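Let's take a walk through this structure together. Have the sequence and the 3D view handy, and follow along as the residues come up.

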Amino acid sequence: MKWQASAPSNIALIKYMGKIPNRGNISTNSSVSYTLEHLRTFIEMESIQESQDRWEPLAIAGRENVQISKSGQERFLKHLDFLKKTWNYQGNFVVRSNNNFPSDCGLASSASSFAALTHCAYLAIQKSDLTSENLADLSRQGSGSSCRSFFSPWGLWDENGAKEIDLPFKKLHHQVIVVNDKVKLVSSSEAHKRISTSLLSDGRIARAETRLTALKKSMMSLDWKSSFEIIWGEFWDMHALFETSQPSFGYMSQGSLKVLDVVKAIWQSTGDGPWVTMDAGPNVHLLYREDQTNLAKQIESELKQSFQVISHYV
């Protein structure tokens, strides 16, 4: 038999960066994200009469087959093995996967991938009814940020687990400016480890929690500009941790800075613009209100002369 599922990526506005040691991807601070329903991972699982699970690329019309490194495949199948043991399942599967967006370059493909795998395995092995919160908690143990992908449009992950959170701006235009789609030299998992060596790590938890409180307040007040300033400070805080770790590393590139300069100039000249954030990678995410369609298309037209721009208009 075959089972199929898909799950979206998400973009955190308050970041998950830093893990509690030996706790199965438990974040040191709360995070909040907007769900990117148009950026998805697709999974197909098929029962096989073989001695172990294996991975294959999934063919999607108009999309090249994604290739996962050996270590990536092992991490993926390790999570499937964890789910099978959790549900006391003895059989094996071939797992096929693909994304409709670039992988391993800071666009949260692990979030959508592990959420999709957890959902598909649940359909294939299902022993009892589980809630989205239950599935999110299981998915988190494969990829922390994947737990937020079970909730839309806004997901909150705090000490009590992941859940949907009711915030304004439920429909946002989204653009990701793909500065570089190459596989990252430093994985997000490695970044989580290295930031503890930065002197800026002291106080990071408090800064993130303070920003989260301030962001929720500004959003509930429909204060778009204050929200922009909080989100802007948050992603720079995370990238500063990277650059001040021992050994230092970074994802910010000249292309990243060019995109940020374009957006910053618009804010400075008009007092309005998109929200801007970056994950652990060089690519830049822009979020716009529904009434900013013309601005979004203007920025897209300018930036696509130099970069790939993946846009979604609500």
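Start with F242, which is buried: its relative accessible area is 0%. Keep in mind that this is a predicted model, so every value here is computed from it. F249 is buried too, with a relative accessible area of 6%. Both values fall under the 20% cut-off for calling a residue buried.

Now look at aromatic pairs across the model. How many aromatic pairs are there? The count comes to 17. One of them joins W87 and Y122, with ring centres 6.1 Å apart. Their planes meet at 50°, so this pair is tilted, since a tilted pair is one that is neither under 30 degrees nor over 60. What makes the pair fun to trace is where its two partners sit. W87 is in the loop between helix 1 (70-86) and strand 4 (92-99), while Y122 belongs to helix 2 (residues 109-125). That puts them 35 residues apart, so the pair links distant parts of the chain. Are these two residues buried or exposed? Both W87 and Y122 are buried.

Back to F242 and F249: they form a tilted aromatic pair as well, at 5.1 Å centre to centre and with 35° between the planes. F249 has another neighbour to look for, as R194 lies over the face of its ring, 5.2 Å from the ring centre. A similar arrangement turns up at W224, where R289 lies over the ring face at 5.1 Å from the centre. And if you'd like a whole group of rings, find F228, W232, F235, W236 and W267, which ring pairs link into a cluster.

Next, helix 1. It has 17 residues and reaches 24 Å from its first C-alpha to its last, close to the 24 Å expected at 1.5 Å a residue. Its buried residues are Q73, F76, L77, H79, L80, L83 and K84. Looking down the axis of helix 1, you'd find these buried residues within an arc of 145°, so they line one face of the helix. Why can spaced-out positions share a side? An α-helix has 3.6 residues a turn, so residues three or four places apart point the same way.

What does that buried side touch? The buried residues of helix 1 pack against strand 2 (31-48), strand 3 (54-57), strand 4, helix 2 and helix 3 (132-140). The face turned away from the buried side carries the exposed residues K70, S71, K78 and K85. Finally, helix 1 is followed by N88, which has a positive phi, near 55°.

Terms used
Residues numbered from 1 in each chain as written. Predicted model: local features only at pLDDT ≥ 70, side-chain atom pairs only at ≥ 80, totals over all residues. Heavy atoms only, no water. Phe/Tyr/Trp six-rings, centres within 6.5 Å; stacked < 30°, edge-to-face > 60°. Helix = DSSP H or I, 4+ residues; strand = E, 2+ residues; numbered from the N terminus. Buried < 20%, exposed > 50% of the residue type's maximum accessible area, 1.4 Å probe, protein only. Lys NZ or Arg CZ within 6 Å of the ring centre and 35° of its normal. Expected span 1.5 Å × (residues − 1). Arc of directions from axis to C-beta. Contact = heavy atoms within 4.5 Å.
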